[in-house]
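Here are some exercises to work through with the structure in view. Try each task on your own before you read its solution.

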Amino acid sequence: MSLGDRLRTANTEGSDDGIYSQNIRSQVNSASIDPFAVIKQRAQDALFARLGTRLFDSSLGEEQLDGYVIQELARIIDTEKLPLTPQERARVVAEICDDVLGYGAIEKFLADPSVTEVMVNGINSIYVERNGKLERTDTRYLSDDHLRQVIERIVSRVGRRIDESSPMVDARLQDGSRVNAILPPISIDGPVLTIRKFTQRAFDLDDLVSLGTMTPALRDLLSICVEGKLNILVSGGTGTGKTTLLNALSSCIPDGDRVVTIEDAAELRFTHSHVVRLESRPSNIEGRGEVVIRDLVKNALRMRPDRIIVGEVRGAEALDMLQAMNTGHEGSLSTLHANSPRDALSRLETMVLMAGVDLPIRAIRDQAASAVDLIVHISRLRDGTRRVTQMVEVNGLEGDVITLTDLFTFDYSAGLDKDGVFLGSPISTGLRPKFLERLREQGLSVSDAIFNDATGFRS
């Protein structure tokens, strides 16, 4: 809970925040101006004037800085004789603490567990994502400078900087949430901030079944595939839940395996007992010290991994990942952006070419076909739900074409319910995958019922 939230809880019980004193109203002539914003701005300007750089002093502890701010605000309100009732005074202090020490207007959304993403497109345009759908909010920042101060405070806390010479930042907050910020002139309409919140607990496959993302039959098959060390790619678009699914799949890895995870921003959460977590690093102010995903994949091969998990393949590291899968590091998992399993393989080819190695397309496809066993595609449907819509087996190369076998496809024919939610689920096509024999050789059995009934697993 932020300092502002604590102050609200302590001081505003039973108050009506929608009622302003007549003295405040009389200071504002225009009905379009929020009278509370005027008082807040006066108090906040005075606070910055008094405390100055101490607000950004990294040597001060959080509680110490909180105390300074509350103490100075009390003096400012008394000195300037601001016409506030006790409830309004508590509200001013709480909201300024959010602005100065927290995230300002979006603080309440970051504390709301129903919100999964916050998007600030400018001071007057703030959106949030709830239940897979975007909603425009009525909150706003006071000015571009105010929003920029919030952005600078966020990135400075994670040891990064953002200014005219480096106007873009992509980083991970202390709680694991991902933050992306961009400043003018790159962003034409003012500073832009996007925060994808980090879930407090990791979902497993059972959770995804209860959410309707997959069926019990698909859960059982995927858990056996992970245990049987099949190389699996999770494909899908932005915000479809690829990382969530990858994390759920990783929960099926046996405890005896040594797992090395590689990510741009560490998002995966493991209950596994033997995990080594690696994270890429951007270059410093002098343009040095960058460590990219490809470097980490190469290093991981020297760490005696049983499993390599790459949070997302997006560049030249695709070549090293395929080579690892083909040289004894079975059971590897990764995600990539794609519109379909077929597109995922095409993107994989393109990313291998980005490595700068002069390989013929057929050789690349041969590598991909022999390395990847299974592609699980997840989509965010127009009802806002995230569902596994396709699961395909990669069979091999015929001529110059990688052949795929659809094992599960989403049943769109089931239609929608009265609330516009899809009633369908991923159902078996009835085809048996070739990897069943490989799983049986490892002593893992797959029930024929999973594939026998093409319509019997509709949730």
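**Exercise 1.** Find the element that holds Ser235, and decide whether this residue is buried or exposed.

*Solution.* Start with the position: Ser235 belongs to strand S7. Keep in mind that you are looking at a predicted model. Next, take the accessibility: the relative value for Ser235 is 1%. Buried means under 20%, so Ser235 counts as buried. Finally, look around the residue. Leaving aside residues up to four places away in sequence, Ser235 touches Lys242, Leu336, Ala338, Ser340, Pro341, Ala344, Ile375, Val376, His377 and Ile378.

**Exercise 2.** Work out which strands pair with S12, and in which sense.

*Solution.* Begin with strand S7 (residues 232–236): 5 bridges join S7 to S12, and the two run parallel. Leu233, for instance, has Ile375 of S12 as its bridge partner. Now turn to strand S13 (residues 386–398), which pairs with S12 in the antiparallel sense over 7 bridges. Here Ile375 appears again, with Val392 in S13 as its bridge partner. S12 and S13 form a hairpin with 5 residues between them. In the turn, Gly384 has a positive phi of about 90°. As a last step, count the buried residues of S12 (residues 374–380): 6 of the 7 are buried, so the strand is largely enclosed by the rest of the structure.

**Exercise 3.** Trace the order of the 6 strands in the open sheet, and say which strands stand at its edges.

*Solution.* The order is S3-S2-S1-S6-S5-S4, with antiparallel pairing. Strand S3 (133–136) and strand S4 (168–172) stand at the edges; each has a single partner strand, so one side of each is left without a neighbour in the sheet. On average, neighbouring strands of this sheet are turned by 15° against each other, direction ignored. For one pairing in detail, take S1 (residues 115–120) and S6 (residues 192–196), which are joined by 4 bridges. Glu117 has Arg196 in S6 as its bridge partner. Then add helix H7 (residues 144–157), which lies across S1, S4, S5 and S6 and runs at about 45° to S6.

**Exercise 4.** Describe the loop between S5 and S6 through Pro185 and Ser187.

*Solution.* Pro185 sits in this loop, and the peptide bond from Pro184 to Pro185 is cis, with omega near 5°. Most peptide bonds are trans. Ser187 is found in the loop between S5 and S6 too. With 9% relative accessibility, Ser187 counts as buried. Beyond residues up to four places away in sequence, Ser187 touches Ile182 and Val192.

**Exercise 5.** Compare the phi angles and the accessibility of Asn131 and Lys229.

*Solution.* Most residues other than glycine have a negative phi. Asn131, in the loop between strand S2 (126–130) and S3, has a positive phi of about 55°. For Lys229, in the loop between helix H9 (216–227) and S7, phi is near 65°, also a positive value. As for accessibility, Asn131 is exposed at 69%, while Lys229 counts as partly exposed at 25%.

**Exercise 6.** Characterise the second largest pocket by its volume and its lining.

*Solution.* The space in this pocket is about 750 Å³. Its lining has 30 residues, and Arg160, Asp170, Arg281, Pro282 and Ser283 lie nearest its centre. Sorted by type, the lining holds 11 nonpolar, 8 polar and 11 charged residues. S4 gives the largest share, with 5 residues.

Terms used:
Residues are numbered from 1 along each chain as its sequence is written. This is a predicted model: local features need pLDDT of at least 70, side-chain atom pairs count only at pLDDT 80 or more; totals for chains, interfaces and linings use all residues. Side-chain values use heavy atoms; hydrogens and water are left out. Two strands pair if DSSP finds at least two bridges between them. Axes are lines fitted to C-alpha atoms, for helices over the stretch in contact, and angles run from 0 to 180 degrees between N-to-C directions. Contact means heavy atoms within 4.5 Å. On a 1 Å grid over the protein atoms alone, a cavity is a set of points where a 1.4 Å probe fits but cannot get out, and a pocket is an open set with protein on both sides within 12 Å along at least five of seven lines; lining residues have an atom within 4 Å of a point. Grid points are joined across faces, edges and corners, and a volume is the space filled by probe spheres set on the points. Ala, Val, Leu, Ile, Met, Phe, Trp, Tyr, Cys and Pro count as nonpolar, Asp, Glu, Lys and Arg as charged, and the others, Gly among them, as polar. Buried means under 20% relative accessible area, exposed over 50%, partly exposed in between (1.4 Å probe, protein chains only).
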